[in-house]
Amino acid sequence: MDEPWYKNAVFYAVDVALFQDSNGDGIGDFKGLTSRVPYLADLGVTCVWILPSYPSLGRDNGYDVTDYYQIRPQLGTLDDFLEFLHKAGEHGIRVILDLVVDHTSDKHPWFEAARRDEQSRYRDYYIWSHDPPPPPPGQGTIFPGQESSVWSYDDVARAFYYHRFYSFEPGLNVANPDVQDEICRIIDYWLSFGISGFRVDAALHMVEPKLLDSTEAEDPHGILRRFHDFATSRRPNALLLGEVDENPDILEATFGSGNQLDMLFNFYLNNDIFLALAREDSGPVIKALQVLPEPPKTAQWANFLRNLDELDLERLSDEERDEVFKVFAPEDGMRIFGRGIRRRLAPMLNGDQRRIELAFSLLFSLPGAPLFVYGDEIGMGEDLAREGRDAVRTAMQWSDQANAGFSTAAADKLTAPVIDRGDFAYRQVNVANQLESPDSLLSKVRSFIRLRREHHAIGSAAFRLEDTAESSILGHSYKSGKASLILLHNLRGAERKAQIDIVQAEGGRLRDLLSGEEQRLERRTQTVRMEPYGYRWLLATPD
Ligand code: MG
């Protein structure tokens, strides 16, 4: 059987409103995105994740959906979306959409009907209580400091409604079969246009028992199995990529036998990558790789460095999180919710290109499929003057022209200001500057993508941790037929030597996939000199 496409996909996350404006209204749109498909194809990404582009009041970056069957008018029409989908398809690029069904907007017609009429069929689409119980431990509000409870009183319904997220995002009662039918209808609708699947928002919050008795509460994963069965019955290999920030045992249960969520964001590894980068030591990544479950045959990890969200460090202990804060978010204003960092990748790494490349090299070579967010390929910065998580949600920097080439609108009409000051201002950091330079971050990222697409062993073969005899150097490898792909990453900002055993031993050849240099293997143990923050992709083959 062929492997599912997503096991070796390269994912690229796009916020349409911030990518490219085509009509000068200051808001990015699908026509603009369509005009940039050649850029995406040249970059080499194979699947675009479109962040929520449904109608919404825009109070939670589009995650407060008021209509699941339309495109937000500011972003274009349904035809504009289909035009984009078609153009992407012409370039071999797949598209997945955000499926945000843990909750709706409080302005969604379902909630409007539910709160007005206790007899309405929509009443049970949500979770109501006249005397709300306190949430079980660990199930409080997602946004401490911004929300004080998971229950809010509704004057019209004269009852409390449940919400794990913002109070304007009432939680859907996903245990209700009618709600499950609605979700299947949404899945069917968008799959029918030819998208390849969904990124499932708050995937596990969605099936929490929600404090109520129900048969589903005993088997919350049954709901995920139902969505999986439905989606794959409509489109073979339809992807459900779940946002599940949990510990390894729960991740394993959420993969199931490959019949729930096909991919899981690898938050666990992500946190340990940042701890390893902060310590300049490979230990945390080694630990993560040792304790993470192996995904079932048809499933995969989605590895990532940053999302268009806070860098949530909940998988670390308090002490470990403080270590990461101290190095990558030294000021209070860089932190959020007491658990995360509201910065982009490049500024966290002080704009040091060697170190940013090292992080990307890890992303593209660790077991799983890589996912990164627009703008990180050129090393964009954040705008800490913006509120909360919006710090990282700034417009794509295309060129040194007005508004970074994002829009022809007046600067005060932009949906988000462009970054025009400091080391990460668009005049220095932009696509046009980097496109032609072989040493630019953009060119390096393009090389990593090419390598990742050539070497499916990373997404398919079992990995092996390699002893490098140096704690700052992470070594891991994949065996594919008679060849071994060996990856070395020096996390320290100083030159180091790795000693590795190469199974092919004498008589084989060792090729550096980045420099193209090749050597004969004279002996089994090789000493490899590693530059500060250096990385090597080595292919060992027998003669
Ligand atoms: Mg526009």
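This section describes the metal site, salt bridges, nonpolar cores and internal spaces of a predicted model. Residues are numbered from 1 along each chain as its sequence is written, and side-chain values use heavy atoms, with hydrogens and water left out. Local features need pLDDT of at least 70 and side-chain atom pairs count only at pLDDT 80 or more, whereas totals for chains, interfaces and linings use all residues.

The magnesium ion has protein donors from Asp21 (OD), Asn23 (OD1), Asp25 (OD), Ile27 (O) and Asp29 (OD), at 2.2 to 2.3 Å. Donors are N, O and S atoms within 2.8 Å of the metal (3.2 Å for Na, K and Ca); water is not among the atoms, so sites may look incomplete. The donor residues follow the sequence spacing D-x1-N-x1-D-x1-I-x1-D. Of these donors, aspartate 21 and isoleucine 27 are both buried (under 20% relative accessible area, with exposed meaning over 50% and partly exposed in between; 1.4 Å probe, protein chains only).

The structure contains 36 salt bridges, each defined as a side-chain nitrogen of Lys or Arg within 4 Å of a carboxyl oxygen of Asp or Glu. Aspartate 60 and arginine 389 form one of them, with an N to O distance of 3.2 Å. This pair links distant parts of the chain, 329 residues apart: aspartate 60 is in the loop between β2 (47-50) and α3 (78-90), and arginine 389 is in the loop between β14 (369-373) and α14 (431-435). Helices (H or I, at least four residues) and strands (E, at least two) are DSSP runs, numbered from the N terminus. Arginine 389 also meets aspartate 309 in a salt bridge, at 3.0 Å, N to O. Aspartate 309 lies in the loop between β10 (300-304) and β11 (311-312), so its pairing with arginine 389 ties together parts that are 80 residues apart in sequence. Aspartate 60 and arginine 389 are buried, and aspartate 309 is buried as well.

A further salt bridge joins arginine 199 to glutamate 243, with the closest N and O atoms 3.4 Å apart. Because arginine 199 lies in strand β7 (residues 197-200) and glutamate 243 in the loop between β8 (239-242) and α8 (248-255), the pair ties together parts that are 44 residues apart in sequence. Arginine 199 has 5% relative accessibility and therefore counts as buried. Both residues belong to a network of salt bridges that links Asp98, Arg199, Asp201 and Glu243.

The largest nonpolar core (a set of buried Ala, Val, Leu, Ile, Met, Phe, Trp, Tyr and Cys residues joined through side-chain atoms within 4.5 Å) has 156 residues, of which Phe11, Tyr12, Phe84, Phe360, Phe372 and Met396 touch the most other members. Helix α9 (residues 267-279) gives the most to this core, nine residues. A second, separate core has 12 residues, among them Ile473, Ile486, Leu488 and Met530.

Cavities and pockets were located on a 1 Å grid over the protein atoms alone: a cavity is a set of points where a 1.4 Å probe fits but cannot get out, a pocket is an open set with protein on both sides within 12 Å along at least five of seven lines, and lining residues have an atom within 4 Å of a point. Grid points are joined across faces, edges and corners, and a volume is the space filled by probe spheres set on the points. There are two cavities of 30 Å³ or more, and the largest has a volume of about 50 Å³. Its lining includes Phe30, Ile50, Tyr54, Asp98 and Trp190. The largest pocket holds about 960 Å³ of space. Among its 46 lining residues, Ile142, His205, Glu243, Asp245 and Asp312 lie nearest its centre.
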